[in-house]
Amino acid sequence: MNSLAQRFSSILPQERIQSDVLMSENTTMRVGGPADLFISPRNEDEILETLCICKAEGIPFFVLGNGSNVVFSDEGYRGVVLHIGKSFSDITFDDQTLEAKAGAMLSSLSHLAASRSLTGLEFASGIPGSVGGAVFMNAGAYGGEIAQVADTVTVLSEDGAVHELSNSDMCFGYRSSTAMKSGMTILSAVFRLQPGDKDQIVSTIEDLNARRRQKQPLNYPSSGSFFKRPVGYFAGALIEQAGLKGYSIGGAQVSALHAGFIINTGNARASDIYNLMRYVQETVLKQSGVMLEPEVRLIGSFDA
Ligand SMILES: Cc1cc2nc3c(=O)[nH]c(=O)nc-3n(C[C@H](O)[C@H](O)[C@H](O)COP(=O)(O)OP(=O)(O)OC[C@H]3O[C@@H](n4cnc5c(N)ncnc54)[C@H](O)[C@@H]3O)c2cc1C
């Protein structure tokens with residue numbers, strides 16, 4: 001065990017602390033070098049204590065969910081990646097509310113809600129994120145978004161205190177929340193759903209997922225829509241109008257199926273993804289005067 005790992009050995013069992021873990025194996029874009037330490041907590045205490053040590057000792061940390069909206073650099077991450085995933089993913093129901101720990105997958109929530117004839121989470125069934133990542137990003141699709149169903153969110157704030165925030169406290173906006181602005185860690189969330197017709201709910205989920213399969217390059221690694229929707233435009237349409245559909249740099253490509261997606265055609269490096277992102281931004285800016293802003297979070301050092 002190296003010296004960084006040793007600092008956490010008094011609070012976590014050894015199997016929850018891994019050194020030099022490739023981020024390409026923990027993100028859906030499948031690029032990125034090693035994180036010095038990769039910690040997978042299984043309860044709130046382990047999250048709190050890990051972050052407490054990081055803050056007290058000035059160790060950089062990054063909270064990772066399912067890795068479906070982040071791209072790590074080829075150099076990886078110098079510090080601790082705190083992976084809130086499967087080991088912290090309990091889901092419980094109480095009448096029309098559902099409480100999920102941050103590591104639960106949105107797809108599981110959506111299907112469990114459907115099995116109980118509860119409507120409201122159909123939009124989320126095809127979003128490959130965790131509850132923590134989805135609340136942080138205010139994930140949304142097909143007219144639905146987390147802001148419409150989140151009732152309360154339990155967070156760990158920057159000062160190490162646990163708070164229960166209401167929907168309005170979360171200040172949800174387009175792909176944003178107060179957690180993003182204030183560096184909070186999401187521990188769990190309660191979702192308020194409505195009674196519905198089970199067959200209708202299941203059919204909506206199937207329909208939305210069929211639309212995804214038809215319109216999105218789901219057979220390639222990606223981070224979903226790479227850019228935010230600029231006000232008054234669609235990022236994919238602007239990229240297509242700039243003639244960039246199918247354009248590649250190294251193993252990174254603007255999807256020929258959906259120009260809003262940057263895909264990894266097999267052996268992309270993080271630098272290919274970054275260089276293609278910059279090229280798309282510059283070309284679209286020149287052609288249409290719109291600066292595309294990435295929705296995907298780029299972590300680590302990218303500029304050569
Ligand atoms: C094929 C595909 C389709 C997609 N479709 C959609 C879509 O339709 N709509 C949509 O909105 N998104 C979509 N996405 C993007 C992505 O799935 C969502 O943004 C998702 O909510 C990210 O969740 P995650 O757990 O993977 O977060 P990660 O990618 O792990 O992290 C994203 C951000 O959230 C933060 N974070 C994660 N967990 C926590 C936590 N517990 N506490 C605090 N911060 C946290 C991270 O630090 C990071 O800044 C798609 C992605 C893919 C690959």
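1. In this predicted model, five strands form an open sheet in the order β6-β7-β13-β11-β12, and their pairing is antiparallel. At the edges lie β6 (91–94) and β12 (162–166), each of which pairs on one side only. Neighbouring strands of the sheet are turned against each other by 15 degrees on average, direction ignored.

2. Within this sheet, β11 and β13 are joined by six bridges in the antiparallel sense. One residue pair may serve as a landmark for inspection: Val153 has Ala189, in β13, as its bridge partner. Helix α2 packs on the sheet, where α2 touches β11 and β13, and the direction of α2 makes about 145 degrees with that of β13.

3. Helix α2 comprises 14 residues (residues 44–57). At 1.5 Å a residue the helix should span 20 Å, and its end C-alpha atoms are 20 Å apart, so the expected and modelled spans agree. Gly58 follows α2 and has a positive phi, near 65 degrees.

4. Which residues of α2 are buried? They are Glu46, Ile47, Thr50, Leu51 and Cys54. Viewed down the axis of α2, these buried residues fall within an arc of 120degrees and therefore line one face of the helix. The general background is that an α-helix has 3.6 residues a turn, so residues three or four places apart point the same way. On the other side of α2, Asp45 and Ala56 are exposed.

5. The cover over the buried residues of α2 includes β11 (150–156) and β13 (185–192), together with β2 (34–39), β3 (61–64) and β5 (77–83).

Key
Residues are numbered from 1 along each chain as its sequence is written. This is a predicted model: local features need pLDDT of at least 70, side-chain atom pairs count only at pLDDT 80 or more; totals for chains, interfaces and linings use all residues. Helices (H or I, at least four residues) and strands (E, at least two) are DSSP runs, numbered from the N terminus. The expected span of a helix is 1.5 Å times one less than its number of residues. A residue is buried if 20 or more other C-beta atoms lie within 10 Å of its own, exposed if 12 or fewer, and partly exposed in between; C-beta atoms are placed from the backbone. The arc is that of the directions from the helix axis to the C-beta atoms. Two residues are in contact if their C-beta atoms, placed from the backbone, lie within 7 Å. Two strands pair if DSSP finds at least two bridges between them. Axes are lines fitted to C-alpha atoms, for helices over the stretch in contact, and angles run from 0 to 180 degrees between N-to-C directions.
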